[in-house]
Amino acid sequence: MQNIVVILGTGGTIAGVAPDGETDLAYEAAQLSVAALVRSAPELRDVPLETEQVAQVDSKDMTHAIWQALTHRVLHHLLREEVQGIVVTHGTDTMEETAYLVQRVLAPNKPVVFTGAMRPASSRQADGPDNLVDAVAVAQEPGAQGVLVVMAGTVHGAVDVRKAHAHRLDAFNSGDVGPLARLDNGTLHRLRAWPSGEPMGVAVVDPAPDTWPVVEIVTSHAGASAGLIDALARAGTKGIVIAATGNGTVHEAIEQGVQRAAWSGMAVLRATRCGDGAILDAPEDGEGAWPSAGALTPAKARVELMLRLMAVAGRR
Ligand code: SIN
């Protein structure tokens with residue numbers, strides 16, 4: 001019977017504890033085990049669950065090694081007939097990057113649901129238990145698929161989601177396209193189709209993490225210079241994401257640096273630094289324009305460019 005939900009723990013505020021048990025701001029992330037998180041949600045008592053601790057980090061310190069290990073554990077459980085869906089507990093700060101990576105690499109046809117919390121587990125108003133219960137409900141939803149993020153009663157797709165607020169409980173949004181579904185008291189209201197896509201395949205993340213291509217983000221801003229880009233080129237950086245202004249425009253000084261870097265073989269992708277909205281390329285931008293990352297945030301565009309470079313290296 002396909003009814004098991006596997007919960008993979010990676011740390012974050014959902015597993016965070018304040019030393020005095022009081023404050024919601026000064027706390028240590030990644031303190032409680034994923035098994036302890038499940039025990040804090042009585043609604044999950046009768047759900048057939050398995051837990052596994054894949055990592056225990058504050059997600060600001062997320063590494064490529066953890067991404068590699070997590071992707072493999074997700075794939076392992078997806079391939080088990082008896083597993084209906086997977087939940088990943090994760091810090092909210094880089095959740096969108098990890099979720100995007102897993103979607104691009106695995107594009108799963110079962111639900112892989114990321115969740116976290118904006119308040120630590122020790123808070124009197126902790127949001128983690130409700131988010132975990134909601135995430136498990138989505139992982140059990142018949143027909144659900146793809147990598148999803150469930151926070152504050154809202155279901156987002158991994159490609160569209162971004163953390164848009166520094167501290168509100170409802171910190172995530174899906175930009176112009178909006179969320180996939182909402183949960184009201186455990187009832188799921190679907191708004192859009194579940195994500196689908198062509199997986200890049202797990203082999204793309206198999207190289208040793210310290211050999212993954214270095215891809216950096218450079219922000220275009222008033223008073224910019226090409227100094228950073230020239231330094232990155234000298235350091236052998238393989239790819240650069242320009243966090244561009246508005247609809248993908250780039251300061252002329254940065255533009256010149258990027259041109260030099262591209263001639264020396266650096267790959268380039270443009271993402272908008274605006275919080276919302278996709279770059280719309282004008283036909284007159286022509287072939288000379290740096291490719292755009294559409295609606296991806298600069299952080300997700302970095303993941304995308306790195307994976308593309310890895311896929312090309314893997315085909316050689
Ligand atoms: C983290 O990202 O691990 C800490 C912050 C959070 O989970 O909200």
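Leaving aside its neighbours within four places in sequence, which residues is Thr272 in contact with? The close-up views below, all taken from a predicted model, start with that residue and then move on to helix packing.

**View 1. Thr272 and its surroundings in strand S13.** Strand S13 covers residues 267-272, and Thr272 belongs to it. Setting aside residues within four places in sequence, Thr272 is in contact with Ala244, Gly246, Gly277, Ile279 and Pro298. Its relative accessibility is 3%, so Thr272 counts as buried.

**View 2. Polar partners of the Thr272 side chain.** Take a look at the backbone oxygen of Gly246: it lies 2.6 Å from a polar atom of the Thr272 side chain. The backbone nitrogen of Cys274 lies 3.0 Å from a polar atom of that side chain. Gly246 also appears among the contacts of Thr272 listed for the previous view.

**View 3. Helix H2 packed against helix H3.** Here residues 64-78 form H2 and residues 95-106 form H3. Their axes are 11 Å apart and the packing angle is about 50 degrees, which makes H2 oblique to H3. The crossing of this pair is right-handed. On the H2 side, the contact is made by Trp67, Leu70, Thr71, Val74, Leu75 and Leu78; H3 brings in Glu97, Thr98, Leu101, Val102, Val105 and Leu106. Sorted by class, this contact has nine nonpolar, two polar and one charged residues.

**View 4. Helix H3 meeting helix H7.** Now we follow H3 to another partner, H7, which spans residues 298-315. The two axes come within 9 Å and cross at roughly 35 degrees, and the crossing is right-handed. From H3, the residues involved are Glu96, Glu97, Tyr100, Leu101, Arg104 and Val105. They meet Ala299, Lys300, Val303, Glu304 and Leu307 of H7. By class, the H3 contact with H7 has six nonpolar, no polar and five charged residues.

**View 5. Glu304 of helix H7 and its contacts.** Is Glu304, a residue with 4% relative accessibility, buried or exposed? Glu304 counts as buried, because its relative accessibility of 4% is under the 20% cut-off. Its side chain is joined to that of Arg104 by a polar contact of 2.7 Å. Not counting residues up to four places away in sequence, Glu304 touches Tyr100, Arg104, Leu269 and Leu296. Tyr100 and Arg104 will be familiar from the previous view, where they are among the H3 residues that meet H7.

How values were computed:
Residues numbered from 1 in each chain as written. Predicted model: local features only at pLDDT ≥ 70, side-chain atom pairs only at ≥ 80, totals over all residues. Heavy atoms only, no water. Axes fitted to C-alpha atoms, helices over the stretch in contact; angles between N-to-C directions. Helix = DSSP H or I, 4+ residues; strand = E, 2+ residues; numbered from the N terminus. Parallel < 35°, antiparallel > 145°, perpendicular 65-115°, else oblique. Left-handed = near helix turned anticlockwise from the far one by under 90°. Contact = heavy atoms within 4.5 Å. Nonpolar A, V, L, I, M, F, W, Y, C, P; charged D, E, K, R; others polar. Buried < 20%, exposed > 50% of the residue type's maximum accessible area, 1.4 Å probe, protein only. Polar contact = N/O pair within 3.5 Å; in protein donor to acceptor, adjacent residues only side chain to side chain.
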